[in-house]
Amino acid sequence: MAGERTEIQKELKKELEKDRYEHTLGVMYTAGCLAMRYDCDMDQAMMAGLLHDCAKCIPNEKKLKLCKKYDIALTQTEIDNPFLIHAKLGAFLAAEKYHVTDPEICHAIKVHTTGAPDMNLLDKIIFIADYMEPNRNKAPNLAEIRTLAFKDLDQALMRILEDTLGYLANGDKKDSIDPMTRETYEYYTERNHYESDIERNGEAGI
Ligand code: DGI
Ligand code: FE
Ligand code: FE
């Protein structure tokens with residue numbers, strides 16, 4: 001897996017803009033650390049982190065064209081906000097272009113921007129690592145979220161969803177909120193689900 005990762009890393013260095021490549025490495029290592037903390041497969045987490053934004057630097061027009069060509073169904077929100085497509089298209093390219101055969105890695109890539117209700121451990125790790133990796137500096141409450149992520153993964157997830165939705169709702173981005181982002185937020189803020197996650201996974205909320 002590590003050898004494969006080095007090969008993919010080389011390809012992505014050519015494919016991505018410099019900052020995006022640095023971010024990608026940040027997510028890969030942060031995902032690796034969270035995997036150690038929560039007993040997730042570290043190679044799987046690092047591979048998902050490495051590839052999560054592999055479609056990010058494809059121009060929007062081309063994103064739309066590729067989805068048409070490969071029959072990737074898009075929602076109206078994705079058509080109106082094509083940057084959102086990089087998650088779904090990235091999951092497809094991870095399998096087809098980078099030959100990832102693990103469906104869990106592809107799923108984590110697919111849901112990394114909006115999240116999804118009932119995410120599994122790997123999905124949560126990638127979602128959170130993407131938000132808090134060391135090169136990130138714009139989001140509010142980053143220091144708090146970084147500490148929280150190593151204490152209680154679900155609490156960190158909820159803080160991120162809250163802050164992201166707050167950011168989207170306050171600006172001129174209200175109309176561009178993907179229903180999936182809202183659904184994810186509602187799912188995790190509904191006490192029942194959070195509590196059942198604790199019951200399933202123990203008090204650490206993992
Ligand atoms: O690709 P990255 O920049 O590393 O991170 P990402 O894929 O999580 O995308 C981050 C941006 O996505 C961030 O500014 C918040 C935004 N976002 C998350 N959910 C939605 C959203 N933007 C819109 N327009 N709609 C959403 O539902
Ligand atoms: Fe992304
Ligand atoms: Fe990212």
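**Ligand 1 and the iron site**

In this predicted model, the side chain of Lys56 places an N or O atom 2.8 Å from an oxygen atom of ligand 1. Two further side chains make polar approaches to ligand 1: a polar atom of His86 lies 3.1 Å from an oxygen atom of the ligand, and a polar side-chain atom of Asp130 lies 3.2 Å from an oxygen atom of the ligand. Taken alone, ligand 1 exposes 570 Å², and the protein buries 84% of that area.

The site can then be placed in the fold. Ligand 1 occupies the largest pocket, where 17 residues surround it. Lys56 is among the closest of these, together with Thr113, Ser176, Asp178 and Thr181. Helices α2 (18–38) and α10 (153–170) each contribute at least two residues to the shell, and α10 gives the largest share, with 3 residues. Sorted by class, the shell holds 7 polar, 6 charged and 4 nonpolar residues.

His86 leads from ligand 1 to the metal site. Its NE2 atom is a donor to the iron ion (ligand 2), as are OD of Asp53 and NE2 of His112. These protein donors lie 2.1 to 2.2 Å from the iron ion (ligand 2), and their residues follow the sequence spacing D-x32-H-x25-H. Asp53 also bridges the iron ion (ligand 2) and the iron ion (ligand 3), which are 3.5 Å apart. Asp53 and His86 link distant parts of the chain, being 33 residues apart. Asp53 belongs to the loop between α3 (42–51) and α4 (60–69), whereas His86 is in helix α6 (residues 85–96).

Notes:
Residues numbered from 1 in each chain as written. Chains lettered and ligands numbered in written order. Predicted model: local features only at pLDDT ≥ 70, side-chain atom pairs only at ≥ 80, totals over all residues. Heavy atoms only, no water. Near = heavy atom within 4 Å. Polar contact = N/O pair within 3.5 Å; in protein donor to acceptor, adjacent residues only side chain to side chain. Areas by Shrake-Rupley, 256 points an atom, 1.4 Å probe, with all protein chains shown as cover. 1 Å grid on protein atoms, 1.4 Å probe; cavity = no way out; pocket = protein on both sides within 12 Å on 5 of 7 lines; lining within 4 Å. Sits in = over half its atoms within 2 Å of the grid points. Helix = DSSP H or I, 4+ residues; strand = E, 2+ residues; numbered from the N terminus. Nonpolar A, V, L, I, M, F, W, Y, C, P; charged D, E, K, R; others polar. Donors = N, O, S within 2.8 Å, 3.2 Å for Na, K, Ca; no water.
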